Amino acid sequence: MSRTPEVISSEELPASEARWVTLKKIKFYDQAGKERSWEAAERKTRSTSGVDAVAILALLQPKDKSPPATIIIEQFRPPVEKFVIGLIDEGETPEQTAFRELEEETGFKADSVLETSPLMVSDPGMTSANMKLVSLRVPVDNADAFENLPKQHLESGEFIVRRVIRLDRLHRELQAYADQGFVVDAKLSHFALGYDLSSRLARGDIL
C-alpha cells in the first residue's frame with residue numbers, strides 16, 4: 001500500500017542519541033582577537049576521504065543532436081521535503097560515488113566524468129558538512145530516452161521519482177515546482193538560474 005509521506009512528530013533529540021549528526025561548540029578568536037563561541041552541526045559519517053557527500057549533475061546528450069537535458073529527482077526529506085545527494089561510502093572516490101548513485105537512483109549509466117568541483121560547503125554558518133559536485137556525461141540515442149526511463153536499482157525503503165528535463169527548460173520547470181509547494185535544492189536551482197542567465201546573455205535579452 002502506498003501513501004503520501006508526512007511528518008507525524010518533531011522533538012528535540014539529545015546528541016547522545018543521534019546516529020548521523022552531532023552538535024559542536026566551537027571556540028575561536030575573531031579578527032580583533034576577541035574569544036567567541038559558535039554552535040554547529042557536524043556529520044558523524046564523514047569518510048577518510050574528508051568528503052561528506054556528492055551532488056551529481058548528469059548531462060544527457062542525445063546522439064541525434066536533440067537538445068541536452070538533465071535528470072532531477074523527487075524524494076521526501078523530513079526536514080524540508082524533496083531532493084537528495086548521495087553519501088560517500090568508505091573507500092570510494094567522489095567520482096565512483098557519482099557513477100554508483102546515478103545508476104542506482106535513476107537507472108542511467110554515465111560513460112565519463114566531465115568535471116569534479118573543489119570541496120564546497122552550502123551553509124557554513126550552520127554546519128561543517130561539505131560536498132563535491134561531479135558532472136557526468138550520459139549518452140542516449142535520442143530524446144525518446146527522456147520518456148522511456150531505465151530501471152532503477154533502489155535500496156529497500158528508498159522512494160525516488162525521476163524526471164528528465166531539457167536544460168533550456170530547467171529554470172522554468174523548477175519555478176513551477178516551487179509554485180506547487182515543492183522545496184527545490186539550492187545547488188540545482190543555482191545551476192538552472194546560471195544556465196538561464198547565460199543563455200539570455202548570449203541572446204542579448206538582458207544587459
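Two strands pair if DSSP finds at least two bridges between them. The views below are taken from a predicted model.

**View 1. Strand 3 and strand 4 meet in a hairpin.** Strand 3, which covers residues 53-62, pairs with strand 4 in the antiparallel sense, and two bridges connect them. One position to look for in this view is L60, whose bridge partner in strand 4 is A69. Six residues lie between the two strands of the hairpin, and in this turn K65 has a positive phi of about 70°.

**View 2. Strand 4 is mostly covered and also pairs with strand 8.** Strand 4 spans residues 69-74, and six of its six residues are buried. Along this strand A69, I71 and I73 point one way, while T70, I72 and E74 point the other way, and residues of both groups are buried. Strand 8, made up of residues 161-166, runs antiparallel to strand 4 and is joined to it by six bridges. Within strand 8, R166 is the residue that stands opposite A69.

**View 3. E74 is a buried residue without a salt bridge.** This view turns to E74, which lies in strand 4. Which side chain of opposite charge is nearest to E74? That side chain belongs to R163, at 5.4 Å from E74; because a salt bridge requires a side-chain nitrogen of Lys or Arg within 4 Å of a carboxyl oxygen of Asp or Glu, E74 and R163 do not form one. The side chain of E74 does, however, make a polar contact of 2.5 Å with the side chain of Y177. When residues up to four places away in sequence are not counted, E74 touches F159, I160, V161, R163, Y177 and F182.

**View 4. R163 and E173 form a salt bridge between a strand and a helix.** The side chains of R163 and E173 meet with an N to O distance of 3.3 Å. R163 belongs to strand 8 and E173 to helix 2, which covers residues 167-179, so that the pair, 10 residues apart, links distant parts of the chain. R163 counts as partly exposed because its relative accessibility is 29%, and E173 also counts as partly exposed, at 23% relative accessibility.

**View 5. Salt bridges occur in buried and in exposed surroundings.** Side chains of opposite charge can pair when their charged atoms come close. A search of the whole structure finds 14 salt bridges, and one of them joins E92 to R100, with the closest N and O atoms 2.7 Å apart. Both E92 and R100 are buried, and these residues belong to a network of salt bridges that also links E101 and E104. Another salt bridge connects K109 with E103, the closest N and O atoms being 3.8 Å apart. Here K109 counts as exposed because its relative accessibility is 55%, whereas E103, with a relative accessible area of 27%, is partly exposed.

**View 6. F191 and Y195 form a tilted aromatic pair.** A pair of aromatic rings is described by the distance of the centres and the angle of the planes. The structure has three aromatic pairs by the rule used here; in the one formed by F191 and Y195, the rings are 6.2 Å apart centre to centre, with 40° between the planes. Both residues lie in helix 3, which spans residues 186-203, and F191 and Y195 are four residues apart, about one turn of the helix. F191 counts as partly exposed because its relative accessibility is 26%, and Y195, at 29%, counts as partly exposed too.

Key
Residues numbered from 1 in each chain as written. Predicted model: local features only at pLDDT ≥ 70, side-chain atom pairs only at ≥ 80, totals over all residues. Heavy atoms only, no water. Buried < 20%, exposed > 50% of the residue type's maximum accessible area, 1.4 Å probe, protein only. Lys, Arg positive; Asp, Glu negative; His and termini not counted. Polar contact = N/O pair within 3.5 Å; in protein donor to acceptor, adjacent residues only side chain to side chain. Contact = heavy atoms within 4.5 Å. Phe/Tyr/Trp six-rings, centres within 6.5 Å; stacked < 30°, edge-to-face > 60°.
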